[in-house]
Structures are given as structure tokens and as C-alpha cells.
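Reader: Got a minute to walk me through this one? I'd like to start with the packing and then poke around from there.

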Amino acid sequence: MFVAALLCSISSWASQPADYYQSCEGLCGKSLLVELSDVVGPHTVVSYNGLWSLYQTSDTYSNGKIWDMYSTKQWTYKSEQCGTYSVVGDCYNREHSFPKSWFDDASPMVSDAFHIYPTDGKVNGQRSNYPYGECSGGTTLPSSGGIKALGRLGSCTFAGYSGKVFEPDDEYKGDFARSYFYMAAAYNSRISSWSSPMLAGNNFPCFSSWAVNLLLKWHRQDPVSQKELDRNEAVYAKQKNRNPFIDHPELAEHIWGNKSTVAWYEGGEATPEIVQPVDGNTLDLGTTVTNIARSASISVRGIALTDNVTITTTGTGFSATPATLSAAAANNSATAQVTFLPVAEGTYSGKVVIKSGALQTTVNLRGKAIATLPAGPVTSVDDHSFMATWSYVGDADANGEYTLDVQLNGESLDAFPTSVRAADEAFYVEDLEPSTTYTYTIASAHLVSEPVSVTTLDPIPNIEFYFDGKLSFTSMVGEPSEAAELLVLIENIDENINLAVQSPFQLSTDKTNWSTSLVLDPEADRVYLRMMGDNPGTFTSSLVATVGDLVFDQVEFEGTILAEVAFYEDFENEGEGSYSTKQYTGSAGVWNIVDGGFWPSSDKAYNGRQAIRMGKSGKAEIALANGYASGFGNISFWAAVYGSDADATLEVEYCNESTDNEWHSAGTATINSKTYSQFTFRINAAGPAKIRLRQTAGKRFMLDDIEGTPYSSLVPDNVADYHRWDAFCRDGQLVIEAIDTIDARVIALDGIEVWAGTVNACGTVALDLTPGLYITVVDDFARRVLIK
């Protein structure tokens, strides 16, 4: 059956738009909630990082400070964002009042501002993902520096649930209840799959019985405040949707409360009206075969109707059922079926007339009848596929199938003819040649369509960029960030491609020549992106590819340039001249040292006045005592053998205090020269993180200038091995570079191995090869390199 719905349109504009909730009028209970979902569910997604800036308008006091519903602190927007915290009042973060674990961190819920509030980090941590509830005698976190925590954690004392819950402050309970009602409306089609003690596992009533009772109680006891009204407008300005339970608090009663069987009207009164179908619309029942019926459904909906609804048709071949609907059924939305049954070939027209008392709506009808099976029109045509369509008129085989045949120059393509579900009325035909004319026919048990001709489009130029993870950069003033590798898919383009970004971001194909724009060969398969600038701040940009007048895929990214080196230990502070176990306070923080000390009068530093000498017993160790909040991307240090002692071996390790708090190896450094050498290792550990250098062999060595770059999300753990090496063309050579020691092979397109060898950690190999395409292989990973 062909199904069509004739729906009234909904428009929106500033503040609460006129008629924004018009389609919800006359409904109650589940029907009202489902209709609200259509109104407020679609919205402009604000990024999770974008919430910070949104809070400057959505959650502020008149003095510009950030408003917190978990503590009495008034926060400074930028400087007091978390970070790490140990007590109430340390910093604020973004609280999913409706915990994100309940919906598996999925988008767009994970960044929907209507349920994500700025809150004290320590109290947010206490709340965790526990349900909201009431817990007389629960625990409130201790005050700190005059800042009081709001809310408490304990066993639920509200009837119907006894598990652990977090009870917000009385002043904000209604705010949170209306946030939960919003989630049930905006995501009504998804909420049945979410999991929480507060949820019922369905799309109505959505919440478990105890949660419905709790939320209604809070909603009634804590009415909508000016804070909520202001916040509703600020979020609407960004997301382009609203929280209906702030605009109309009574909606909660008409859905879950004491008016759940009473139709809702904005303003409380309604004028009788037929709102669906829209007067003057046209219903096209399509094409059918003579003496075979074709049907369509239309929505019939009224507001405050008191007279029964009659449905009649005019025009040969048209009919409608039922002939009558009760006023109550129409007010709660009903459907009618219009049938087209032609007795001869031709084009037909008519009307369906819907009346209730003096009210009337008329919909125009049209249809067409032919002697053969109706096929076409063709849709979704591109350079390699099209959608074949037909009209289902019955007469299918025992399996409910028709036969589709696609031909080229009178011969069926491979895999055709094929059986298709007749009622689907469409089939996607693919793997075709561009700029080629095909024909198709559709056949039922006794009928065959006329051939339908379709010509595929010319080859469609396309450029797409791929990257593992998120493009977010961090660097210091005057220093480049880590470079991100973007894989490029180029299709049907045989001329050069212009790439451009905005400063301070830069592009390169060889990691040597960097600029804000470059010309990319159509045979290229990757490009590199980094950030480097002289001014601190946070920046955003996009990568735009153009070929002539064509503009292709735009990749958005962000980055932060810090004013100072993120982590730098120069060992210039005074230290004890013995190999004893000790703590040392340096320029980067406090270090725990074993078997090491300072003798500036006799030892030569790599840089400055002094370095640390370690390893008399061969068991030296130096570890950062406290986690570094920004985490580490890479760390590097300078080291040299002391005097005539044996070469020393160090295990470079790191740990993340917020996850497993266990030491992990980043690699091994072998110190084998009396001249200082620099060693660099990838850490890629989010903060707070610690580092440790632990001696496993050899004797004394000198250590100086430990530096660390901030943690970057550019390299996810699951692809880290792939990003520990790279291969590309530079100045006509194939260059292989590695962070760790690797064994690599280079293979020409004819399958012949042209080079195999080892690339040392932090080293490069440059190969002179004949121009052409080569594959560089390391373990299970490969990179294509075009030498020109």
C-alpha cells in the first residue's frame, strides 16, 4: 500500500515563536509527548567544547560570573574551568544532569545544553551517574574556603526506590525535573533503549513510576524561575529548539500528571478547527493498472471539534473510508483511507471533502491508469547507480515479488533479472558505468512495464579527508604542534587541488615546507596539518579543498597556543650533593630521586649551571612526585655517560593518576656517549600524569633538561602503532621516519622489494628511488608514497 500523510507546517521565529507548539494542541498523554518530540527534537547541535562559551549567556549572574547549581561558588568563566580538583570550590565542569552513561555517550544528547549545566567539579564527582532522588540523612561534601556544596548523596527515601541517589538543593529541583521532561520529549524515539533506575525502557511514560512521581513533585514544588526563562532563551539562540516545560509548565500535567486525559491548548482555550489535512492540498495516488486499486492514508485531526466528522469523495474511481469519525477520535488524530480504482486508462481527478458541522476541508485527488505495469520515474541518479521505481498493483508471485530486469544495449546485466519485493516499490541499482544509458522493466505475474530509460551522470569529482580521532592541537608560542596526518581520497579529478587553512594552522606534504596553502597532486593520498604561531590563544579553522570553481569537503579543527613551555625541568635549583634517596624541587615540580645528586663544580651540564648525576649503584630512578595536570604528549631529555663508566640503560615510564595509576613503558633509552644526546618518547597520556626514568643497566650518567609537550588527542590509542612511523616524499626521496625503532620494507608496484632495513627510534632514512608509486610496510600497516 502507498501511504501518504498530509501534515500542516510548523514555522518558528524569535523568542517563543508564534505557533511553535500549535501542532501539539488538542493532544494529551502519549500523543502529546510524541508530537512535542517532533517540535523540539530537531535542533542545531552545539559541540561539547562549545558549551563553555554558551554558559557565558545561559548560566550567568548579573555580574557575569557563572551560575552553579551544585555549590554556592560564582565562577570566573575561563580561569576556573576544570582541570583537577580536590575540594569544593576548586573548579567547575560540565554536568550531565541526565548522565551520559545512560545513553552510552551518544550524540547529540552528549552535548545538548538543556540538560548539561556548569557545576562544581567536586560535587559533580560525588553525584557521579547516580539517579536523582531524595535521601534524608544523605552526605553533603564539606565546605571549603567559604564555599558550600549543594546537594547530598545517600540511600533513597522516596517511595518506590531504595538505591543510592543524589538529591539536589531544593532551589533547583524543578530545574532538573524539567530537564528530564525535556529529554523524554526531545529524544522520545530513542529513550526506550536507554538504561537507568529512573527509566522504564519505553517511550511512554519513559520514566519508572517512582521517578514520574518524584519529578512531578519537584516540578510542582519548584516553579519555573527567571533563571530558567533566561536560560531557555540563551540555549534557543544557539540550538534553535526550546524546553517546552519551561515555556508551558502545565504540559507535564497533561502528559504525566492529573490532566493526562485532558487535551492541552495553549492559553487553555481553543476554537474548533480542522487542522489536518490542510485545505487545498493535493493527494496524488500515483499510477495503477485498470481495475486494480491503489490506496493512500491521510491524517484527520481537529481541535475542539464537537460535531462528528464526515468524509466524502467526488470524481470517478475515488472512494474513502470510514465515512464518519467521531469528534473525539478526530480531536486525538485519526486516519482515513482514500482508494483509487479506475476502470479504464486515463488521467483522473476528484476531491475528498472533510466536514464537521460548519467546518470543511477539501483535498484535491488525482491518479492515472494504464494498461501495463507502472514503472518509473527514476530517482537518485549518480555516476554509478540509480533508483528504479514502480507502482505496486498486486499481481505479485507467491513470495510477494516482482521481477526487475536492467539491460545495456539489449542485454541483461550480470545479476539481472532479479526478484524484488513488490511492495517496496523501489530497488537500488549500482555498480554501473558513468555516462551510460540503461533501460529497465518490472514484471508481475501477468503484466510487464514499458521500458524505462536512464543515463548515469558523468563521473562526479570528489575529495574526502579521513583522520583517526579528533583534530585538536596544542603547542607553545613559537613552537610547532605535533603534525596530524590526514588521508585524502581523491576521485575523478585529474588536475591539481588547492588546499587552504587559516593561520596559525599550516599544511605540508613533506613535513618540511609548511604554509597556509598548498597545491596537492591528484595522485597524492595524504597531507599533514599542524599549528604554529607567535600569539597565545585558542583558534579554530577549517581545511578547504578547491578545484576550479568546485569546493569540496571542509574539515574543521581547533587548537591552543600556550604562552610558555608546558613542562620544562632545567635542574638549576640547588640540590643535595650525594647519591642518597631524596626529594628535589625543580623548575617543573617535585621529583623523587634514587641514587642521584648534584655536583655543579665538577659536572658539565648540557645547558645552564648544573645537571643531575645518577647511577652510582646502577639502580638510579627519578620520578615526578605529582601528576602533571595537562598530561604529556611527548617527553624528551638530554643525557650522557659520566666519565669512563659503562653505558647506561633507562626505562622511560608514565602513569595516569585518574585511570589505573600504574606505570607503563614508553620505551628504552641507551646512553652510550660522553657527549650529550637528546632522547624523545611518545607518552600520549591524559592528565594528571607522571613520568619516571628508571635505570635497568650500566653505571653513572648525566641527565639534564627534561621537556614535555601537552597531551594531545590527535593519536587515539587504537591507532597509535600506525602513527609511530611515517613515510612520505621529500625533495624527490622516499623518507621513512620513526618514533620507535621499526623494521620497514619498501615495495614497488610490480611487487619487487626495493629496500628493507631498520629505522632507529627518533631517526629517519632517506631513499633515492626511481620516480613512481611505492608501498612502505611496517608490521601490519602500509603507506603509499608517490615519488616525483
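Author: Sure, and keep in mind that this is a predicted model. The largest nonpolar core has 73 residues, and Leu36, Phe98, Trp194, Met198, Phe207, Phe245 and Trp256 touch the most other members.

Reader: Which elements give two or more residues to this core?

Author: There are helices and strands in the list: helix H1 (29–40), helix H2 (50–58), helix H4 (173–186), helix H5 (209–221) and helix H8 (251–255), plus strand E2 (116–120) and strand E4 (164–167).

Reader: And which one gives the most to this core?

Author: That's H4, with nine residues.

Reader: Take phenylalanine 245, then. What is it in contact with, leaving aside neighbours within four places in sequence?

Author: Quite a list: Leu36, Arg178, Phe181, Tyr182, Ala185, His219, Val224, Leu251, Ala252, Ile255 and Trp256. Leu36 and Trp256 also appear among the core members that touch the most others.

Reader: What about a second core, how many residues does it have?

Author: The second core is separate and has 34 residues, including Met614, Tyr628, Ile635 and Ala639.

Reader: Back to H2 for a sec. Which residues are buried there?

Author: Gly50, Leu51, Trp52, Leu54, Tyr55 and Ser58 are buried in H2. What covers them includes E1, E2 and H6.

Reader: Ok, empty space next. How many cavities of 30 Å³ or more are there?

Author: The count comes to one. About 60 Å³ of space lies in it.

Reader: What lines the largest cavity?

Author: Phe114, Tyr117, Asp175, Ser179, Glu228, Arg231, Asn232, Asn243 and Ile246 do. The elements giving two or more residues to that lining are H4 and helix H6 (226–239), and H6 gives the most, with three residues.

Reader: And the largest pocket, how much space lies in that?

Author: About 2,000 Å³. The pocket is lined by 47 residues, and the closest to its centre are Asn49, Trp52, Cys82, Gly83 and Arg94. Trp52 is also one of the buried residues of H2.

Reader: Which elements give two or more residues to the lining of the pocket?

Author: H2 is one of them, and the strands are E1 (92–96), E22 (472–476), E28 (537–547) and E29 (550–562).

Reader: Switching to sheets. What's the order in the one with four strands?

Author: E21-E23-E27-E25, an open sheet with antiparallel pairing. Strand E21 (462–466) and strand E25 (505–508) are the edge strands, each pairing on one side only. From one strand to the next, the twist averages 30°.

Reader: How many bridges do E21 and E23 pair over?

Author: Five, in the antiparallel sense, with strand E23 covering residues 484–491. Phenylalanine 465 stands opposite valine 488 in E23.

Reader: And the sheet with six strands, what's the order there?

Author: That open sheet runs E31-E32-E35-E40-E37-E38, and the pairing is antiparallel. Strand E31 (582–585) and E38 are at the edges with a single partner strand each, so one side of each has no neighbour in the sheet. The twist from one strand to the next averages 20° here.

Reader: Where's threonine 649 placed?

Author: In strand E37, residues 648–656. E37 pairs with strand E40 (residues 689–697) in the antiparallel sense over eight bridges, and the bridge partner of threonine 649 in E40 is alanine 697.

Reader: Is threonine 649 buried or exposed?

Author: Buried, because its relative accessible area is 18% and the cut-off for buried is under 20%. Leaving aside neighbours within four places in sequence, threonine 649 is in contact with Thr668, Ala669, Thr670, Arg694, Gln695, Thr696 and Ala697.

Reader: One more: where is serine 673 found?

Author: Serine 673 is in the loop between strand E38 (664–671) and strand E39 (677–685). With a relative accessible area of 26%, serine 673 is partly exposed.

Reader: What does serine 673 touch, not counting residues up to four places away in sequence?

Author: Serine 673 touches Ala640 and Val641. As for tyrosine 642, serine 673 is 31 residues from it in sequence, and the two are 8.7 Å apart in space, C-alpha to C-alpha.

Note on methods: Residues numbered from 1 in each chain as written. Predicted model: local features only at pLDDT ≥ 70, side-chain atom pairs only at ≥ 80, totals over all residues. Heavy atoms only, no water. Pairing = 2+ DSSP bridges. Axes fitted to C-alpha atoms, helices over the stretch in contact; angles between N-to-C directions. Core = buried A, V, L, I, M, F, W, Y, C linked by side-chain atoms within 4.5 Å. Buried < 20%, exposed > 50% of the residue type's maximum accessible area, 1.4 Å probe, protein only. Contact = heavy atoms within 4.5 Å. 1 Å grid on protein atoms, 1.4 Å probe; cavity = no way out; pocket = protein on both sides within 12 Å on 5 of 7 lines; lining within 4 Å. Points joined across faces, edges and corners; volume = space filled by probe spheres on them.
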